[in-house]
Structures are given as C-alpha cells and as structure tokens.
Amino acid sequence: MGGRQISQAWFARRRRAKAAFVYVFLGAMALAVVGPFVYAILSAFKVNPLEWPPSLHIPRLWPPNWIAAWKLGVQAGNNGWLGGWAPGKFLSLEVTFLYPPGVEGEPRVEVLRPPGRGPQQPPDPRPITAVEIEELEEREIPEGCEKTFKIILRHLGAQTYPVLPLAVAGPPNSKFLRATLAPHSVRGLGTTAYWDNLASGVLGYIFSYFIQAWTEFRDRMGNPIFPRWVKNSFVIAMGKVLVALLFAPLAGYALARLRFPGRNLLFFLVMFTMMVPQQVTFISNYVLLRDGLFGISRVFGKESLLNTYWALFLPALVSSLGVIMMKQFFESIPVELEEAARIDGAGTMRIYTKIILPMAKPALAVLAILTFQGSWNEFFWPLVVLRDMEMFTLPIGLLFFRQYYGAAGGANWNLILSGTVISAIPVLIIFILFQRHFVEGFRLSGIK
Amino acid sequence: MSWLKGPRRNEIFWAFLFLLPLFWTLGVAFAYAFFRALWWSFCDYNLFAPPEFAGFTNYARLFADPRFLRALFHSLSFAIIVTFTQTSLALLLAIALNQKIRGLTFFRAAFYTPSILSSVIVGLIFIWFTYRRGVVNFLLSVVRTHHLHVLSFLGLLALVQFMLVCWGRRRGLPVQVLDPVYLWVSLLAAGLGTWVFSHLHILQPKPTPPVDIIWLETAEKFLGIPRPLWAIMALNIGTTVPTMMLFFLAGLQDVPRELYEAAELDGASRWAKLWYVTIPALRPVMFLVITLGLIGTLQMFDQAAITSGVAPLDSIVTLAYYVYWNMFGAGGLPRVGMASAAAIFLAVLTLVVVLIQRRVGVREKAW
C-alpha cells in the first residue's frame, strides 16, 4: 500500500464503469420483466406456442411469406389484404419435394374441409375445384432429386368461400422441402404439406389466429362472443370512469375542505375499507344484488340484478382509493382562492364547480386513467356476479378461453394468447400515452 | 347547538350532499355487508332457506376442516415469504444501484408493465410458461446442457478478477474486490475464454434429457409448501421487486446529503452509514411497502383462482380462495356460514398481522 498519487481520472473511470454496470443491470431486469410479454405476443402468431424447443422462427412474421400471401390473395379473390376464393379464379402454387433414390410418383393434391367447430360451417364447404399439376424442374442433389411442381387450382363453382385449405401429399418416403407460401404444418412423416387457408390474403395470413379468436367462439344464436366481451369491458370501464369523475371529487372535496362533525372518523373509515378483504363484503353484496337491491329492481321488472351491468357499478359506487387520491389533491391546493370567492359571496356549490373542479383537471385525469385501468383488469367481483357467457368481461372471458382451448393438451394456445394480446391493447395504449399519470397515481395512492 | 346555525349549518348540509354517494358505498356496500357477514358467520345459511343461528359451529367447523388449515398455512407462508423476500431484495438492489439514473422513464415503463396488465393476462402467460414443455423448463434445460460453459465462465471470471485485484493492490491502488473497471475486463476475458474453449471443443454441450419439472399440475411439496405455490410466490416476487426497487430508489435520492457528510465527519464506515443513515431514512417507505405488501399477499386470490383450473385445489388454496370456494366452488348449495366465518377470520388475521408487524417489525417513523 504505497503512498502513490492517484489521479482524479482513475476514480472517474471507476464511477463510469459502475454506472455502466447499473445500466446493464437495469436493462437486463427490464428485459426479464418485459421479455415474457413480448414473447407471448410473438407466440400468438405461432402455429403451436407450446412447441419444443421454443423458437423465434415464426413463418407468419416472415416478410417473404407476406408477399406470397398477398399474391395468392390477389389471384384467388382479387384482394391482397383479405383474400377469398372467388368463382372463376385460379391460383397457382409451387411446391418442392425431395425424392430420395427409388421414390417415384406425383404428389396428390386435396382440397380439405375447413377446420374449426361451431354451427357457422356450411354443410359442404369444399369449393368445387379443378386441380392441375405439372412438374416444373428437377435438380440432382446428394440426397436424391429435388422436384418442383406447379399446382393450379381453378374455382368452378358459383360461390365465394372465405377459406381454402389444401393438403399436398408427396409419395411415401418423399420429403416436403418448401413452397411459395410456408405451410401451416408438415405431416405424414414429412411427406404432406398442409395449408389451413391458401386464399387468406396478407392480413388474413398474419393475423389468422387473432381473427379466429375474435370470431370462432360463438353463442347459440351464432354471434361471435369475443367482441361481446370487449364491448362489455368497454361499457363497464367507461361507466365506471364517469361515475368516478362525478362522485370521487365530491367526496374528496368534502373530506378535504368542508367542516362537519365526524370528518376524521369518516376518513378513517374510508382508509379502513382498504384493509378489509373483498371476501368479507362480497357475500352480502351478492345477496343484495340477487334480491334486486331490497326489491327496488322489481319496480323496473327485474327480479335480480346479478348478471347485469348494474351489478358491477352499484356496490362500489365510489372507490376508497379515488376518494383518498382526490382528498390529498385538494389538500395540496392553496385555500386562499376559495376564501376569496367565499368573501365575494359564492356558495359551496359554485366554488366547487367554478373554481375547484377546473383546477383539479390533472388529478381528474389521473383518476380517470386509473379507474379505467382498474375496471378493465378487475377480476374478483365480475367473477362473482357475471354468470352468462354473453355478460363476461375480458378477464373472465379469457379464463374461460383457457378452459375451452387449453384443455386438450394445450392444443390451441395461439388462440388463448391472441385473446390475451387483444385484451391487453387498450391498457397498453393508455399506459404508453399517459405513463406520467400512472406514476403520479401510484404516488398519490399512498406510496409517496 | 350553536354549530347548527348559520353558515356552518349550510356547510354541513353541502358536505352531507357531497358525501351521499360515499355514504351509500360505506353504509350499504361496506358496513351493512360487513355486519351481515359477521351475523352469517354465526348462522347456517345456504342463500335459499332463511339463516338459522348456530353459534360458533361455523368457526369450530373451520378449524376442523383440513382444507381451511391448509389455506391458512398457505396464506400465512405466502404473505411472510413474499413480503420479506420482495422487500429485502428490492432494498438491496436499490442500495446497490443508488445513483442518478438517466432514462428512468424507460425503465419505469418496463417495470410497471406487469402491474398495469390484468392478473389474468399475467396468470395465463405464467401457466403457459410453466407447462411441462414450456419456456421455464426449456431455459432450465439449456442451463443444464451447458452447465460446463456456465461453470467455466464463472471460474474464469473469478480467476481473472482475483489476478487483476492482486495486481492493482501490488501497484498500490485502492482497489476493491469488485472493482468495476476490472470487473468489465474480467467479464470480457471470461466470455472470450469460454467462447474459445467451446470453439476448440474442450467444452461441449452435454446431451441431457429436457428438464421435466411439473410446476402446477402437482401436489408435491417442498419444505411443506406445495410446488405450485412456490411458483406463484416466484411470480409475485419477480413482478413486484422492480417497481418496489424504484420506490426505494426514489426514497434514497431524498435522503439529505448532510446526514452522510456528518456521518463521514464522525468517521463512519460504509456499513455504518448504511445501517445508521440509509436504512432509517428509508423506514417510512419500508413501512408502507411492507404493510401494503402484507395486506395484498394475505388476501391473495387472483393467482389462486386463475391457476385453480390447472393445479390441484389443495396445492394453491388460500384463505381468500377458500371463501370463494365455499360460496361457488364446492358443489351443492353455497355454504354461506362457513364462507362468512372464513372471511371474518381473514379480516381479523390481516389486522393482527399488520399490527404485529408495526410492533415488532419496521416502524413508521424514521428516527
């Protein structure tokens, strides 16, 4: 340990190196937190999100396939975006197989029945199609012979079909190599390429699982249910925002500024409700709604309020968190303005609407955003009061989706993930636009 | 009754009017519901026949029900383990990373993602990740196949760092064991060395079967706590630590510099400064974070309900889920009495745990 002179630069280097560690570490942490969500979004485009080993090779996100899907869509239905298999159209596809020595014969082409379940399927949806197949070229490679075929499909019927599933099966022991459009899957020990929809167009190709999640699951009348869930979530969230904007500032202002006996007790009670689990109060509130709010709903011809939008608004008309937030905000603004207005003879209501509310705009924005997000994500209470599938909100619906699609060995996780991604979009957009307000909200709601 | 006259009376009238919606929520949806639950916890009630008073039978039945005892054990261990781990981890990270951070908005956005998305989204991705052939087991398999690489990397890292530190001290420089400049050099050297070794086939991936841990569909236990619950704990800790760390970082930035300077004048060491200045200054934030954490974890419902379709009930049941299960999940008529009794028990438990924490754990005041 000599008494050596150490320059300032030496220490500065240490500081910079440490800072670099801090940023790398924070970046790694951000990746660990966000990575699963990004991977989930990507996997919603996969044929099988439970593939082993997991990979980032996703044909639906590979641009050459987009071009092929566009071209096929134009050929099949004059629509590069959404495709369709229209009468009088023809469609050509190039397929390459590997023929090991000794293997002979042309591939067999078969137009299939569209997959999927539900009553929306027509009795025989197979388009009347003529198939031509010709060999384009042969190339010798060490493993055998690469043969490329051109397959031309002609629509001879009179009806436009949305879906054109196709299977091309090479002779036994041949091997499918590639095609104009990457197939949905390769089956039959590698001999058979299968497309779930050749006439999908580029959007139909990329977002096929999103479209399927959106439309496939239907109620008894044949209407798709997923859009209902989105609508329910929106209606309820918007309603809750309106109710919160109306009532929470009122209560917050009264608790912050108006003097009345029992004010502190009331505020304590509001704080106390945050600690009592919802599990205590939900039983009584459930019964309350079942009995139609002391029978009031019978006046409007409803025996029970369960399974209605009302059930989600009525019990928690004002959230404790909103009231506390607004109270804290009102306490932070100077009291002089109100006093001046009062001296000028303005009444409480006038002061509230003309002075207080306009000043509270930023806090109201925070309240609206947090209320929307809270309602959009709410799980427990909707789970208790919503019984019919048509009334579900997105979280409850997604849980149902998992039971429905995820049951058989997790076969359809792409649909579950697509639904998940769709349901996350509104909150993500709001978060990206108003990140500052979220942070403000977390701060205002206690963690200061 | 002078306060009932004049402008004061006017103010009380307006306050009452402003508070009407709050009175509705507090009165009907909270107080009335609370007392009704309390009353029903002493009754036999199935939602259809009128409630019949039954004294303490429900509470007695609760403690005779092994599932309730499991739920109690799960909730308590979940709350204690998760709250303790996430708070201490977040605190340690915040102290380690304490400096002015640019681009905080970006990191904050990333860290908040799990908390702004619904628990169902997070839960579904969690279920998908923990499949037998899911991402978690895949990552574990990769580590297992490449464990020699990992070991060689860590070994080289320690070796190079040790040599550099010795060399630096020889030259009379005040280097610490984890000197950041040397650590970068060691990281680079260890990475390069491992790459060269694997390129020369000295290190080869060991062909091993994929890791086959069943995370959710199992009743197996570790240290008395079922494996699915451990997985949920890991999920909770992993999603809250980053945000909590941001709170602590903000708290650290607010600690007055003079305190450190005064401590330095008194000749305080790094650890003394940490123990006598930093930690006490963070105590108000810690108190809040721990209290909110305890309340939230004791009342954990969402993850239990979401995984209940996959994991066996007795492996994930918590008190909150037990209440719900008695109402809607048990088959047959709802057991309102049992549900109410368990709910009241949960409320009292929350209160007691929070009070105990306040008494023996982290206090509210800084000094």
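Tutor: Start with a term. Two residues are in contact if their C-beta atoms, placed from the backbone, lie within 7 Å. The model here is predicted.

Student: Then which residues does Phe248(B) contact, leaving aside its neighbours within four places in sequence?

Tutor: There are five to find. Ala90(B), Leu91(B) and Ala94(B) are among them. Leu282(B) and Val285(B) complete the set.

Student: Which members of the largest nonpolar core touch the most other members?

Tutor: Phe248(B) is one of them, in a core of 170 residues. Chain B also supplies Val323(B), Ala342(B) and Ala343(B) to that group, and chain A supplies Ala251(A).

Student: Which element gives the most residues to this core?

Tutor: Helix α5 of chain A, residues 226-257. Its contribution is 14 residues.

Student: How many residues are in the second core?

Tutor: The second core is separate and has 27 residues. Look for Ala69(A), Leu164(A), Phe176(A) and Ala193(A), which it includes.

Student: Now the interface. How is its size usually given?

Tutor: Often as the accessible area lost when the parts come together. Here, count residues instead. Chain A puts 76 residues into the contact, and chain B puts in 77.

Student: Which element of chain A gives the largest share of the side that touches chain B?

Tutor: Helix α1 of chain A, spanning residues 8-43. It accounts for 16 residues of that side.

Student: How many residues on that side are nonpolar, polar and charged?

Tutor: On the chain A side, 55 are nonpolar. Another 15 are polar, and 6 are charged.

Student: What confidence does the predictor give the complex?

Tutor: The ipTM is 0.90 and the pTM is 0.91. For chain B there is also a per-residue score. Its mean pLDDT is 90, with 98% of the residues at 70 or above.

Student: Which elements of chain B have the lowest and highest mean pLDDT?

Tutor: Helix α10 of chain B, residues 257-265, is lowest at 85. Helix α2 of chain B, residues 57-64, is highest at 95.

Student: On to overall form. How many helices and strands does chain A have?

Tutor: Chain A has 17 helices and 8 strands. Next, set the radius of gyration against the globule rule. Chain A has a radius of 31 Å, and the rule gives 22 Å for 448 residues, so the chain is more spread out than a compact globule. Its C-alpha trace spans about 100 × 95 × 40 Å along the principal axes.

Student: Why is chain B, too, called more spread out than a compact globule?

Tutor: Take its elements first: 15 helices and 4 strands. The radius of gyration of chain B is 28 Å, well over the 21 Å from the globule rule for 367 residues, so the chain is more spread out than a compact globule. The C-alpha trace of chain B spans about 85 × 65 × 35 Å along its principal axes.

Student: What percentage of chain A is buried?

Tutor: In chain A, 38% of the 448 residues are buried. In chain B, 38% of the 367 residues are buried.

Student: How are the chains divided into domains? Take chain A.

Tutor: Chain A has domain 1 at 61-200 and domain 2 at 226-444. The C-alpha centres of these chain A domains are 51 Å apart. In chain B, domain 1 takes two segments, 59-118 and 225-360, while domain 2 is 148-199. The centres of the chain B domains are separated by 37 Å.

Student: Last topic, the backbone. What is the general expectation for phi and the peptide bond?

Tutor: Most residues other than glycine have a negative phi, and most peptide bonds are trans. Now the exceptions to inspect. Trp52(A) and Pro53(A) are joined by a cis peptide bond, with omega about -5°. Pro53(A) sits in the loop between α1 and α2 of chain A.

Student: Where does Leu189(A) lie?

Tutor: In the loop between β7 and β8 of chain A. Its phi is positive, near 55°. Leu189(A) has 10 other C-beta atoms within 10 Å, so it counts as exposed.

Student: And His201(B): buried or exposed?

Tutor: Exposed, because His201(B) has 7 C-beta neighbours inside 10 Å. The cut-off for exposed is 12 or fewer. His201(B) has a positive phi of about 60°. Its loop runs between α8 and β3 of chain B.

Notes:
Residues are numbered from 1 along each chain as its sequence is written. Chains are lettered from A and ligands numbered from 1 in the order in which they are written. This is a predicted model: local features need pLDDT of at least 70, side-chain atom pairs count only at pLDDT 80 or more; totals for chains, interfaces and linings use all residues. Helices (H or I, at least four residues) and strands (E, at least two) are DSSP runs, numbered from the N terminus. Ala, Val, Leu, Ile, Met, Phe, Trp, Tyr, Cys and Pro count as nonpolar, Asp, Glu, Lys and Arg as charged, and the others, Gly among them, as polar. The radius of gyration is taken over C-alpha atoms; the globule rule is 2.2 Å times the number of residues to the power 0.38. A residue is buried if 20 or more other C-beta atoms lie within 10 Å of its own, exposed if 12 or fewer, and partly exposed in between; C-beta atoms are placed from the backbone. pLDDT is the predictor's confidence in each residue, from 0 to 100. A nonpolar core is a set of buried Ala, Val, Leu, Ile, Met, Phe, Trp, Tyr and Cys residues joined through C-beta atoms within 7 Å. Domain bounds come from an automatic or database domain assignment.
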